[in-house]
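What follows is a walk through one protein chain, from a single side chain outward to helix packing and back to a few isolated residues. Please keep the model open while reading.

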Amino acid sequence: MARILKMNTMIVFLYNHEYHSCMSADLDLRLLRAFAAVAKVGSHTKAAALINVTQSAVSHGMKRLEDQLGCSLFYKKGKTVHLTAEGRLFYGHVLRILDNVDRAADSVSGRHADSRGKLTVVFSASMAHLILASVLREFRESYPNISLIVRLEDSGRAIKSLEEGECDLAVTIADGLPKTLKAHTLFEDQIALLFSPQHAWAEKQRVAVSEMSREHFLLYQRNSVTFRRTEDFFLRSGVRLSSYVEIPSFEIMKQLAQLGLGVALMAPWVASKELKEGSLVSRPLPKFPLRRQWAVIHQAGHKVSLTEQTFIGLCRMACDAASL
């Protein structure tokens, strides 16, 4: 059964000269697994139980690993241990190394397609709400023995997760991708103004830029690609945002807009039900269109497996079915 998990953002391990020289030493795979366990649970004792070794073995192993790398990976706070800055950098790469080792072992032993197979995908919350159910249903019929792990993140965190090797695919906004990532386009949308049918703008076919400075806006959370694109639109249009609130949920944005508590900036497809029933009204942004590309994204050097190709195809079919 697929599990929906929340994932914390991690920082990519930069190969500067100091760390590169440390990595030239042979590292015991068992030490890396122990390190990952300690980083995950924050305790040598709990990590020892997790990987079925003694607490002493874990403690000595972490000391040996730090000696090999020439830096501290953990610091103690109360009864738990936490990753240092160097530890966080190292952790991202260790996860990718361990995942690659597991995949290599599975492919050689013919176990890649059995119950131990796994596909990790990060979804934008709005896209998951739209297509995840249909994609998951079809995927499970095609690959009943593959565990599909779905994580919900905003676009910025999804891209970072891909770069750090924490997931296989991301279904999110593909604007301004680095060359290290490759996108399989799903569709293009445009941000619009959505508001209550009782709003004065409901009587107009188009909204003038000059009218926007006096309005209270409902904007998606600041660390998102959509917020940055929206902020850029206002700057280019010469509109001063005098009143707005940042909201981490499109569902809440719609509810507030329906109650006449502000004008939401979002793609109309996110509120297709509300627009159809007439509880929200949509008008295009004036002056400059605000377009976004949605795609399934993976690392550019990654060879897409048959399982992943199927998943990408199912996402496209689901988007086509939704008339996006």
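Serine 126 counts as buried, because its relative accessibility is 10% and the limit for buried is under 20%. The structure is a predicted model, and this residue lies in helix α6. Leaving aside neighbours within four places in sequence, serine 126 is in contact with Phe250, Trp269 and Trp294.

Helix α6 covers residues 125–142. What does α6 meet in helix α11, and at what angle do their axes cross? The axes of α6 and α11, the latter being residues 306–321, come within 9 Å and cross at roughly 130 degrees. Angles of 65 to 115 degrees count as roughly perpendicular and those over 145 as roughly antiparallel, and α6 and α11 are therefore oblique to each other. Their crossing is right-handed. On the α6 side the residues that meet α11 are Met127, Ile131, Ser134, Val135, Glu138, Phe139 and Ser142. On the α11 side they are Thr307, Thr310, Phe311, Leu314, Cys315, Ala318 and Cys319. Sorted by class, this contact has 9 nonpolar, 4 polar and 1 charged residues.

Two of the α11 residues in that list, Cys315 and Cys319, are cysteines, which raises the matter of disulfides. A disulfide is a covalent bond between the sulfur atoms of two cysteines. How many disulfides does a search of the whole structure find? The search finds 0. Cysteine 319 is in no disulfide, and the nearest cysteine sulfur, that of cysteine 315, is 6.6 Å away. For a disulfide the two sulfur atoms would have to be within 2.5 Å. Cysteine 319 has a relative accessible area of 1% and is therefore buried. Cysteine 71 also counts as buried, because its relative accessibility is 15%.

These residues belong to a chain of 324 residues, of which buried residues make up 45%. The chain has 11 helices and 13 strands. Among contacts with a separation of 6 or more, 74% are between residues 24 or more positions apart.

Another region to look at is helix α4, residues 55–69, which packs with helix α2, residues 29–41. The angle between α2 and α4 is about 110 degrees, with the axes 10 Å apart. That angle makes α2 roughly perpendicular to α4, because the range for that term is 65 to 115 degrees. From α2, Leu31, Ala34, Phe35 and Val38 take part in the contact. From α4, the residues are Val58, Gly61, Met62, Arg64, Leu65 and Gln68. By class, the contact of α2 with α4 has 7 nonpolar, 2 polar and 1 charged residues.

Helix α3 packs with α4 too, at an angle of about 110 degrees and with axes 8 Å apart. That makes α3 roughly perpendicular to α4. The crossing of α3 and α4 is right-handed. The contact is made by His44, Thr45, Ala48 and Ile51 of α3 together with Gln55, Val58, Ser59 and Met62 of α4. In this contact there are 4 nonpolar, 4 polar and no charged residues. Val58 and Met62 of α4 appear in the contact with α2 and again in the contact with α3.

Asparagine 52 is placed in the loop between α3, residues 44–51, and α4. Is this residue buried or exposed? Asparagine 52 counts as exposed, because its relative accessibility is 70% and exposed means over 50%. Its phi is near 65 degrees, a positive value in a residue other than glycine.

Lysine 287 also has a positive phi, near 70 degrees, and is a residue other than glycine. Lysine 287 is found in the loop between β12 and β13, the latter being residues 291–299. At 58% relative accessibility, it counts as exposed.

On the other side of β12, which spans 281–284, is the loop that joins that strand to α10, at 272–277, and this loop holds serine 279. How far apart are serine 279 and serine 196, in sequence and in space? They are 83 residues apart in sequence and 6.5 Å apart in space, C-alpha to C-alpha. Leaving aside neighbours within four places in sequence, serine 279 is in contact with Ser196, Pro197, Gln258 and Glu274.

Note on methods:
Residues numbered from 1 in each chain as written. Predicted model: local features only at pLDDT ≥ 70, side-chain atom pairs only at ≥ 80, totals over all residues. Heavy atoms only, no water. Axes fitted to C-alpha atoms, helices over the stretch in contact; angles between N-to-C directions. Helix = DSSP H or I, 4+ residues; strand = E, 2+ residues; numbered from the N terminus. Parallel < 35°, antiparallel > 145°, perpendicular 65-115°, else oblique. Left-handed = near helix turned anticlockwise from the far one by under 90°. Contact = heavy atoms within 4.5 Å. Nonpolar A, V, L, I, M, F, W, Y, C, P; charged D, E, K, R; others polar. Buried < 20%, exposed > 50% of the residue type's maximum accessible area, 1.4 Å probe, protein only.
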